[in-house]
Amino acid sequence: MPSVFINYRTVDAIDTAVLIDRELCRRFGEEAIFRAGRSIPAGKKFEPFILRAVRRCDVLLVLIGSRWLDASGANGGRAIDDPEDWVHREIVEAISNGVTLMPVLLGGTPRIAKKDLPAAVADLASHQGLTYNHRTADDDLARLTRELSRTVSGLRKPGKDGQASPGTATSSDTAMPSNTPVYRGNNFLGSTTVGIAVAGNLHLDGDEPDDDHV
């Protein structure tokens, strides 16, 4: 059962989502982290798989880039206003099931105000968020792993075999390797807590459910 579900919009956060997913998998093991493009086996129906993963996770990381709020949906309006938009659906599912929301503001993206969100997901604006910027990537990833370790008591560092082993991530564990690719796009929502969410139809590695793709 995943402890952390990564939610994001492919239009402005796919590269960062993949990078954060890799870092968190390295810290905590692949079984603890859910990203649809990696976690859903080929041939599975993605809708029940995604919603079940949201319900069972402890934290929904909502990655918010510069186009997260105003990205256009399939109906021509804002995607976030569409109940069928996957970012919207995952956040609603998390709220309905008492899952902790952790927004992550990417590349200098400002905080989102409650008045700018549809009522169904407006609670997101009340949650403290983290930031991620490529210039401070090491420190930002370190803080993210510390916050997750503090919030989810069962998260543990993976051992040499990639499986979870006793212990929690420390600041020395969380420095990014020098050969890790760094996100070069826009930053997140402002503030200092973590969150990740995904939108769209099912894609292969690196992509998510499609109706978020704009």
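This passage describes the fold, the sheet, the helices and selected side-chain arrangements of a predicted protein model.

The protein contains five helices and five strands. Along the sequence, these elements follow the pattern β-α-β-α-α-β-α-β-β-α. Of the 214 residues in the protein, 53% are buried. The exposed surface of the protein amounts to about 9400 Å², and carbon and sulfur atoms supply 47% of it. When contacts between residues at least 6 apart in sequence are considered, 77% of them join residues at least 24 apart.

The five strands form an open sheet with parallel pairing, in the order E2-E1-E3-E4-E5. Its edges are strand E2 (33-34) and strand E5 (130-132), each of which pairs on one side only. Strands of a sheet pair through backbone hydrogen bonds, in either a parallel or an antiparallel arrangement. Strand E1 (residues 4-7) runs parallel to E2 and is joined to E2 by two bridges. Within this pairing, valine 4 of E1 stands opposite isoleucine 33 of E2. E1 also runs parallel to E3, with four bridges between these strands. Here phenylalanine 5 has leucine 60, in E3, as its bridge partner. On the other pairing of E3, six bridges connect E3 to E4 in the parallel sense. The bridge partner of isoleucine 64 is leucine 105, which lies in E4.

Strand E3 (59-64) is mostly covered, since six of its six residues are buried. In a regular strand, side chains alternate between the two faces of the sheet. In E3, Val59, Leu61 and Leu63 point one way, while Leu60, Val62 and Ile64 point the other way, and all are buried.

Two helices that lie across the sheet strands were examined. Helix H1 (residues 10-28) lies across E1, E2, E3, strand E4 (100-107) and E5, and runs at about 145° to E3. Helix H4 (residues 86-96) lies across E1, E3 and E4, at about 150° to E1. H4 is largely enclosed by the rest of the structure, because eight of its eleven residues are buried. These buried residues are Trp86, Val87, His88, Arg89, Glu90, Ile91, Glu93 and Ala94. They pack against E1, H3, E3 and E4. After H4 comes glycine 98, which has a positive phi, near 70°.

The loop between E3 and H4 includes alanine 71. With a relative accessibility of 3%, alanine 71 counts as buried. The C-alpha atoms of alanine 71 and valine 11 are 7.8 Å apart in space, although 60 residues separate alanine 71 from valine 11 in sequence.

Aromatic side chains were considered next. The structure holds three aromatic pairs. One of them is formed by phenylalanine 46 and tryptophan 86, and this pair is edge-to-face, with 6.0 Å from centre to centre and 65° between the planes. The pair links distant parts of the chain: phenylalanine 46 belongs to helix H3 (residues 46-56) and tryptophan 86 to helix H4, 40 residues apart. In relative accessible area, phenylalanine 46 reaches 21% and is therefore partly exposed, whereas tryptophan 86, at 2% relative accessibility, counts as buried. In addition, Phe5, Phe34 and Phe49 form one aromatic cluster. Phe5 is also the residue whose bridge partner in E3 is leucine 60.

Cysteine residues were examined for disulfides, and the count comes to zero. Cysteine 25 has a relative accessible area of 11% and is therefore buried. Cysteine 57 likewise counts as buried, at 6% relative accessibility.

Key. Residues are numbered from 1 along each chain as its sequence is written. This is a predicted model: local features need pLDDT of at least 70, side-chain atom pairs count only at pLDDT 80 or more; totals for chains, interfaces and linings use all residues. Side-chain values use heavy atoms; hydrogens and water are left out. A disulfide is a pair of cysteine sulfur atoms within 2.5 Å. Buried means under 20% relative accessible area, exposed over 50%, partly exposed in between (1.4 Å probe, protein chains only). Two strands pair if DSSP finds at least two bridges between them. Contact means heavy atoms within 4.5 Å. Axes are lines fitted to C-alpha atoms, for helices over the stretch in contact, and angles run from 0 to 180 degrees between N-to-C directions. Accessible areas come from the Shrake-Rupley method with a 1.4 Å probe; for residues, only the protein chains shown count as cover. Rings of Phe, Tyr and Trp (its six-membered ring) pair if their centres lie within 6.5 Å; planes under 30 degrees apart count as stacked, over 60 as edge-to-face and the rest as tilted.
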